[in-house]
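Take a moment with the sequence and the model below. The walk-through starts with strand pairing, then turns to the interface and to one residue beside it.

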2 protein chains.
Amino acid sequence: MKNRAQILNLLLAIVLVVLAIKIALINSETSTTQQDTTMETILTRTSVRSYTDKVVEPEKIEQLLRAAMSAPTAVNKQPWAFIVVTDRALLDTLSVLLPYGKMLKSATTAIVVCGDLNKALLEVNQAYWVQDCSAASQNILLAAHAMGLGAVWTGVFPREDRVAEVRGVLNIPDNLVPLNVIPVGYPNGDSTPKDKWNIENIYYNRW
Amino acid sequence: MKNRAQILNLLLAIVLVVLAIKIALINSETSTTQQDTTMETILTRTSVRSYTDKVVEPEKIEQLLRAAMSAPTAVNKQPWAFIVVTDRALLDTLSVLLPYGKMLKSATTAIVVCGDLNKALLEVNQAYWVQDCSAASQNILLAAHAMGLGAVWTGVFPREDRVAEVRGVLNIPDNLVPLNVIPVGYPNGDSTPKDKWNIENIYYNRW
């Protein structure tokens, strides 16, 4: 009886040490989190084109929109509008109209990022709103990935035919220009990010 | 003796349960870390225009470039090039030439994000390379912020005068178009992010 209690003691002590080591390891991991986690999100994000039928929660959609509106804009014009599409018939219609939009058939949500020409800085021919809305779009993709969602940037502007089609389906007014359609959903399976690192793209100071 | 061993058993068992609960709690925290940390980076990023004289480490510059090249590109063309400017005289020259470039005077590093027309999808007038390079630029800004650096997007393209000036200073070949100049450095003081959240920018389904 005494022996059994001592053996149990020993076993418990070993389990305790193992748990303590595990806690110490976990704590050392979390100290570098801000840098590592954001970099991990950026480096592992990839285009997700297949989704389960689990509906994206409204709180998560709001987070995606908060991320979008946190992007920088030229002269702080914030020349954007975001159309959240959750209507099944509209998603299906877009999936047929857009040549690269088939994945909209399985998505329960899409965000259409639009430039607002009434707010945009239009003093130059190819206006800055495209850059502002592209930065916002990238924020949406990263926020989606960080929340366990998958998304993909489906190009619309500057192709006039696609702009007209999306405008028609969603009844978008003239001052808004749809830049892209971003289907969002819970990933169906894993996707491997492309490795696009290429030092030949890097130059230093002057040619 | 038997009693003491049993009491020790009980104590060890209690400590064990406490540690197990702690691990469970830590694990439930880390499962939301990826989401929270990335969202925090996205929401708290802001334009930083004043820097200390601490030089940005080459490893961090590499991380910024890795982030940039992780952005999505239309038809996976990766139509980009990145010029890392650390030469004091070049940074000073750019600070004078660019109307919103004064902060380059205190920056030790700038990244010039360029579109590469030899790689770009050019079938449409306002090509997709602007969108691709804008997504890459946003990744640079977010990675910088996550690493404790500050940065700001200084617009160049589509203003022809600015494109020509930056091209001249850095001797950029014709196939590359500078989209922007992004000064990077250690922030001198705190910057408060703008609150740009505005529900009037959000629409649902159809007008």
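Two strands count as paired if DSSP finds at least two bridges between them. Keep that rule in mind, and keep in mind that this is a predicted model.

Start where the two chains share a pairing. Strand β6 of chain A pairs with strand β1 (residues 80-85) of chain B. The sense is parallel, and there are three bridges. Look for A:Tyr204 on the chain A side. The bridge partner of A:Tyr204 in β1(B) is B:Val84.

Now stay with β1(B). Are its residues buried or exposed? Six of six are buried, so the strand is mostly covered, with buried meaning under 20% relative accessible area. Both faces are covered. B:Trp80, B:Phe82 and B:Val84 lie on one side. B:Ala81, B:Ile83 and B:Val85 lie on the other. Within its own chain, β1(B) also pairs with strand β2 (residues 109-116) of chain B. This pairing is antiparallel and runs over six bridges. B:Val84 appears again here, with B:Ile111 as its bridge partner in β2(B). B:Val84 is thus bridged to A:Tyr204 and to B:Ile111.

Turn next to strand β2 of chain A, residues 109-116. Eight of its eight residues are buried. A:Thr109, A:Ile111, A:Val113 and A:Gly115 point one way. A:Ala110, A:Val112, A:Cys114 and A:Asp116 point the other way. Two strands of chain A pair with β2(A). One is β1(A), antiparallel over six bridges. There, A:Ile83 has A:Val112 as its bridge partner. The other is β5(A), antiparallel over eight bridges. In that pairing, A:Val113 stands opposite A:Asn180.

Step back to the interface as a whole. Chain A gives 91 residues to the contact, and chain B gives 91 residues. Together the chains bury about 8,600 Å², with 62% of that area on carbon and sulfur atoms. Which three residues supply more of chain A's buried area than any other three? They are A:Lys196, A:Asn205 and A:Trp207, which supply 9% of the area that chain A buries against chain B.

What about polar links? The salt-bridge rule finds zero across this interface. Polar contacts, in turn, join 29 residue pairs between the chains, with both residues at pLDDT 80 or more. Several elements give two or more residues to the side of chain A that touches chain B. Among them are helices α1 (2-30), α2 (33-44) and α3 (58-68), and strands β1 (80-85), β5 (176-185) and β6 (202-204). The largest share comes from α1(A), with 16 residues. By type, this side of chain A divides into 50 nonpolar, 27 polar and 14 charged residues.

Finish with a single residue. B:Leu43 is found in helix α1 (residues 2-44) of chain B. Why does B:Leu43 count as partly exposed? Its relative accessibility is 33%. That value falls between the cut-offs, because buried means under 20% and exposed means over 50%. Leave aside its neighbours within four places in sequence. B:Leu43 is then in contact with A:Arg66, A:Ala67 and A:Ser70 of chain A, and with B:Pro193 of its own chain. B:Leu43 and B:Pro193 are 150 residues apart in sequence. In space, their C-alpha atoms are 7.8 Å apart.

Terms used. Residues are numbered from 1 along each chain as its sequence is written. Chains are lettered from A and ligands numbered from 1 in the order in which they are written. This is a predicted model: local features need pLDDT of at least 70, side-chain atom pairs count only at pLDDT 80 or more; totals for chains, interfaces and linings use all residues. Side-chain values use heavy atoms; hydrogens and water are left out. Contact means heavy atoms within 4.5 Å. Buried area is the accessible area (1.4 Å probe) that two parts lose on being put together, summed over both. A salt bridge is a side-chain nitrogen of Lys or Arg within 4 Å of a carboxyl oxygen of Asp or Glu. A polar contact is a pair of N or O atoms within 3.5 Å; within protein, one must be able to donate a hydrogen and the other to accept it, and residues adjacent in sequence count only if both atoms are side-chain atoms. Helices (H or I, at least four residues) and strands (E, at least two) are DSSP runs, numbered from the N terminus. Ala, Val, Leu, Ile, Met, Phe, Trp, Tyr, Cys and Pro count as nonpolar, Asp, Glu, Lys and Arg as charged, and the others, Gly among them, as polar. Buried means under 20% relative accessible area, exposed over 50%, partly exposed in between (1.4 Å probe, protein chains only).
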